[in-house]
Amino acid sequence: MNMFLFLCAYAAYALFWGRLAISVFSWWRMENRLGGNGLSARGLPCSVCAGGAVDVLTFRRLLVANGWLWIGSWTFHLSFFLVVLRHLRFAMEPVPGFIRVMQVPGLAAGYLLPVSVAVIAAARFAGKEQYVSWKNMLLIFHVFAIAVTGLLMRFFRTDLVGAKKFVLGIFSFTPAAPPDGYLFIIHFSLVLLLVPFLPSHILAAPLVMFDARRREKGLAAVMHEYQAGRGWDLGKKA
């Protein structure tokens, strides 16, 4: 079983970098096709970059579209980030000081994570406009299962020392037996299934935000020129 899990971990790691490379290559091809008028840094004014960064960090557009969905999504991403930081202690020896500091916030975030996922699911199904696709819902239930199995390991005690030896063994290419019990194996397997899907989300969301900002700025410039032209025509007619 341990060798099978090791091979699955390396396969998920390879798929992560493979999908990331494909996404970057697709973006590069799009840039070349657009002749530099796409989303490259040289084609974006500082105001668009700054505004896009604000949109990415605050989910401003989602707040305008659906307040409850914004609350769930922003809480989810923050909680997910803190939980990942907390889990880094299993992959490092010695554990850095800033990771030790993040243990308590990460623990609190672990309890918030399934709640935020539930809020997202409820917000997507509620209201006149439903923000639902089978891919999104599958991802939501997947992350919910990861969060719940992670919390269950706090109540049904898991050998954390054994878990750390197992994870460190993956990074050092020295296979070690996973902790006893199926709960850790289920949780770990769900995480491995999620890893290959992360690059698309990590790259797509910021690019969409920056593109929307660029289009808004272009539209504002066109409207300004149109209104200025209309004012000039009216002045001539008068």
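These legends describe close-up views of a predicted model.

**Figure 1. Overview of the helices in the predicted model.** The protein contains 10 helices and 0 strands. Read along the sequence, its pattern is α-α-α-α-α-α-α-α-α-α. The protein has 238 residues, of which 32% count as buried.

**Figure 2. The stacked pair of tyrosine 10 and phenylalanine 173.** Across the whole structure, a search finds 10 aromatic pairs. In one of these, the ring centres of tyrosine 10 and phenylalanine 173 are 5.3 Å apart and the ring planes are at 20°, so the pair is stacked. Planes under 30 degrees apart count as stacked. Tyrosine 10 belongs to helix 1 (residues 2-33), while phenylalanine 173 is in the loop between helix 8 (160-172) and helix 9 (182-194), so the pair ties together parts that are 163 residues apart in sequence. Tyrosine 10 is partly exposed, its relative accessible area being 27%. Phenylalanine 173 is exposed, with a relative accessible area of 62%.

**Figure 3. The backbone at phenylalanine 173 and the aromatic cluster.** Most residues other than glycine have a negative phi. Phenylalanine 173 has a phi near 60°, which is a positive value in a residue other than glycine. This residue lies in the loop between helix 8 and helix 9. One aromatic cluster is formed by Phe6, Tyr10, Phe166, Phe173, Phe184 and Phe188. Both partners of the stacked pair in the preceding view, tyrosine 10 and phenylalanine 173, therefore appear here again.

**Figure 4. The stacked pair of tryptophan 70 and tryptophan 74.** The ring centres of tryptophan 70 and tryptophan 74 are 6.4 Å apart and their planes are at 25°, so this pair is stacked. Rings pair if their centres lie within 6.5 Å. Both residues are in helix 4 (residues 67-87), where a spacing of 4 residues separates them by about one helical turn. Tryptophan 70 is partly exposed, with a relative accessible area of 23%. Tryptophan 74 is also partly exposed, and its relative accessible area is 35%.

**Figure 5. The second largest pocket and its lining.** The volume of the second largest pocket is about 1500 Å³. It is lined by 42 residues, and those closest to its centre are His87, Phe90, His187, Phe188 and Val191. Two or more lining residues come from each of helix 1, helix 4, helix 6 (103-125), helix 7 (134-155), helix 8 and helix 9. By type, the lining consists of 32 nonpolar, 6 polar and 4 charged residues. Phe188, listed among the residues closest to the pocket centre, is also part of the aromatic cluster.

**Figure 6. Histidine 187 and its contact with glycine 150.** Histidine 187 is located in helix 9. With a relative accessible area of 10%, histidine 187 is buried. Its side chain reaches the backbone nitrogen of glycine 150 at 3.4 Å. His187 is one of the residues closest to the centre of the second largest pocket.

**Figure 7. The salt bridge between lysine 164 and glutamate 93.** Side chains of opposite charge can pair when their charged atoms come close. The structure holds 1 salt bridge. Lysine 164 forms it with glutamate 93, and the closest N and O atoms are 2.8 Å apart. Lysine 164 is in helix 8 and glutamate 93 is in the loop between helix 4 and helix 5 (97-101), so the pair ties together parts that are 71 residues apart in sequence. Lysine 164 is buried, at a relative accessible area of 16%, whereas glutamate 93 is exposed, at 58%.

**Figure 8. The cis peptide bond from glutamate 93 to proline 94.** Most peptide bonds are trans. The bond from glutamate 93 to proline 94 is cis, with omega near 5°. Proline 94 is placed in the loop between helix 4 and helix 5. Glutamate 93, on the other side of this bond, is the residue that forms a salt bridge with lysine 164.

**Figure 9. Asparagine 66 and alanine 123.** Asparagine 66 is in the loop between helix 3 (60-65) and helix 4. Asparagine 66 is buried, with a relative accessible area of 14%. From C-alpha to C-alpha, asparagine 66 and alanine 123 are 8.0 Å apart in space, and they are 57 residues apart in sequence.

How values were computed:
Residues numbered from 1 in each chain as written. Predicted model: local features only at pLDDT ≥ 70, side-chain atom pairs only at ≥ 80, totals over all residues. Heavy atoms only, no water. Phe/Tyr/Trp six-rings, centres within 6.5 Å; stacked < 30°, edge-to-face > 60°. Buried < 20%, exposed > 50% of the residue type's maximum accessible area, 1.4 Å probe, protein only. 1 Å grid on protein atoms, 1.4 Å probe; cavity = no way out; pocket = protein on both sides within 12 Å on 5 of 7 lines; lining within 4 Å. Points joined across faces, edges and corners; volume = space filled by probe spheres on them. Nonpolar A, V, L, I, M, F, W, Y, C, P; charged D, E, K, R; others polar. Salt bridge = Lys/Arg side-chain N within 4 Å of Asp/Glu carboxyl O. Polar contact = N/O pair within 3.5 Å; in protein donor to acceptor, adjacent residues only side chain to side chain.
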